[in-house]
Structures are given as C-alpha cells and as structure tokens.
Amino acid sequence: MPETGASPPQTPPAHSPLFRAEHFVWLTARVLEQRLFAYHFLNGGPDPVETALDAYRNADGGYGHALEPDLRGPVSQPLHTARALRVLDAVVRCGGQRVERVCRYLTSVSTPDGALPAVTPAQRGYPTAPFLPVVDAPPSDLLTTGPVVGLLHRNEVWHAWLFRATDFCWQAVDSLRVSHPDEIQAALTFLDSAPDRGRAQATADRLGRLVREQRLAALDPSNLGAFPVTPGYAPDEHHFPHDYAKTPGSLARAWFTDDEMSRSLDFLAAEQQEDGGWPVRRRQWAPTTARETRPMVTIEALQTLRAYGREVG
C-alpha cells in the first residue's frame, strides 16, 4: 500500500523506457535504489528513502557499509558520505540535525588544509577498488571535496567546516590546467552551487574550453575513434556532453551546442539495454560492485533524459 498522504503509484506505459527500467530496478537494485526510483518516478515519498539510507549510517555521523560500491566494509568514508548527501539532496532532506552530524564527521576526517581525502586509513583491511589506494596520510582530493561542498552550498547549509573546504575547492579548481572527466565533474558540482556566482560562471567558462581543447567529451557518439579515452580509464569509458551537463541548468550546458547535446542525449537513450538497465562504462573490479552500480546509473540516465524533456514513459 502507498504510504499515508502519498499519491498512488503510477504505472508507466508498457514497454516504455521507464517501464523496462522499473522491471530492472525491482529485479536487481538494493532497497535504497528501489526507493529512490519510486521517489523519482512512481510518486514515492522521501521517508522510505531516508529510512533505507539510515542503514548505512554509523555512530560517528559518517556513512559506510558499501554505500559507495567501490568501498566495501562497515567503516565510514568520505566517498560514502558524499553519496549519502546526494541521496539527501535528491529527496530534499539535506539539512537539520542529520547534516549537522555529517559535518561533524567531515571535520573529524579532514586533511590539514581543511578538505577531504577520498579514502581514509580506516579502510585498510576491507575490499577496496584498486584505483582507490589506501595510504597512511591521504591528500586532499577535489573529487571528494568538490561534490560535498557543492551539495552543502546548494542546500544553504552553513557550518564552520565549509569555510576552509570552500577555499580549498576554489584553489583546486583555479589551478586546473590538465584534467580528466571525473575531476571536471567534481569541479562542476562545486561550481553549480558555489555562492560567488560571477566567479563560478567565469571559472566554468574556462573549464569548458579546457574540456574541448583536451577532448574530454565525445562530441560525436557515431565517431568515438576521434575522441580517445583518457589514460587510466576503462577502454570504452568515454564521457559525453550529458555526463557534464546533467541538467539544462548546469553551467556545463553552455559548453556544448544544441546539436552536440541532442546527439549526446540520443546516444544516452539508445544505451538502455535489453534487460531495461543502462550499462556501467567505468572500470569494473568485482561482479558485486557492477551489479550494485547499474541501478544507480539507470536512475541517473532516466533523470537526465527527463530533465531535457525526453520522453521516458
């Protein structure tokens, strides 16, 4: 039965992309992603999402238990906590005491310059993706800090931790001269919500030129050979305009022409597979992580297509 006060679930048209994706999610996804799918596409409420997310929360205010599938084990990690904030932001629950606890955790694991590492030494001994090294004194990382700071600013959270972390993000983004897709996406999450909008716009314009000059976006999906994959990524891990400009309101939308964006969205829509899910293009190192990641990627693909007005069901 639907929760009290919620609208009845909506059944998408048979054989539509959404109908096929729903079958895939019920078949393969964790409870958290099932409830996120219901929230985004079936008139589900936010409470079940938050209840599912709480299963990953630890006493220190951080999140663990493989919330981010590439890090296994129970211990809290910044990458898990970054994903938790994405979930809370998605259901408009990124505030109050829950985020106060998160900020206390972020303060406790910050580097000397006030930013976040990707992985803390507490991860040692648990299964971990080989591209996420566990070291004794991990450095500050824009890939972790940028999205966390951006989401907190987006939700108008004010906490002492944010001051130095925001300064770190500005310094890191301003220093980018050679980059890679994940780093650009992290910078964008920060810039899309940074309080200094004029500076964010100017910085995003520079990053857009960098993306095009360094061919970090495959602008023609029919000719992928013209856009080499960035070293260190999976052999077919191309990135497309829709990977940067996930919504029309992103600063990255101005980086691409209407034709480039349209071709990118056509490619994204065509990527839905026979089982209803979207593929994971990034490096895979364990079967379980691939299975857990695909429903996340599927939800994100549907959200992007819907944000641009594409019919999904």
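In this predicted model, T144 is buried, with a relative accessible area of 1%. That value falls under the 20% limit, which is why T144 counts as buried. The residue belongs to helix α6, which covers residues 142-154. Beyond its neighbours within four places in sequence, T144 is in contact with five residues: P78, L79, L116, P117 and A118.

The overall fold comes next. The chain contains 12 helices and zero strands. Read along the sequence, its pattern is therefore written with helices alone, α-α-α-α-α-α-α-α-α-α-α-α. The radius of gyration is 19 Å, and the globule rule gives 20 Å for 313 residues. The two values are close, so the chain is as compact as a globular protein of that length. Along its principal axes, the C-alpha trace spans about 55 × 50 × 40 Å.

Burial and contacts were then computed for the whole chain. Of the 313 residues, 53% are buried. Contacts with a separation of 6 or more were also examined. Among these, 62% join residues that lie 24 or more positions apart.

In soluble globular proteins, nonpolar side chains tend to be buried together. In this model, the largest nonpolar core holds 80 residues. Within this core, L152 and W255 touch the most other members. Helix α7, residues 161-174, gives the most to the core, with eight residues. Another core lies apart from the largest one. This other core has six residues, including L71, L79, V119 and L132. L79 is also one of the contacts of T144.

W255 has contacts elsewhere in the sequence. Neighbours within four places in sequence are left aside here. W255 is then in contact with I184, L188, A204, L207, G208, V211, R212, Y244 and E260.

The interior was also searched for enclosed space. The structure holds one cavity of 30 Å³ or more. The largest cavity has a volume of about 70 Å³. Its lining is made up of 13 residues. Of these, L216, P228, T230, H238 and H239 lie nearest the centre of the cavity. By residue class, the lining divides into eight nonpolar, three polar and two charged residues.

Technical notes
Residues numbered from 1 in each chain as written. Heavy atoms only, no water. Core = buried A, V, L, I, M, F, W, Y, C linked by side-chain atoms within 4.5 Å. Buried < 20%, exposed > 50% of the residue type's maximum accessible area, 1.4 Å probe, protein only. Helix = DSSP H or I, 4+ residues; strand = E, 2+ residues; numbered from the N terminus. Contact = heavy atoms within 4.5 Å. 1 Å grid on protein atoms, 1.4 Å probe; cavity = no way out; pocket = protein on both sides within 12 Å on 5 of 7 lines; lining within 4 Å. Points joined across faces, edges and corners; volume = space filled by probe spheres on them. Nonpolar A, V, L, I, M, F, W, Y, C, P; charged D, E, K, R; others polar. Rg over C-alpha atoms; globule rule 2.2 N^0.38 Å.
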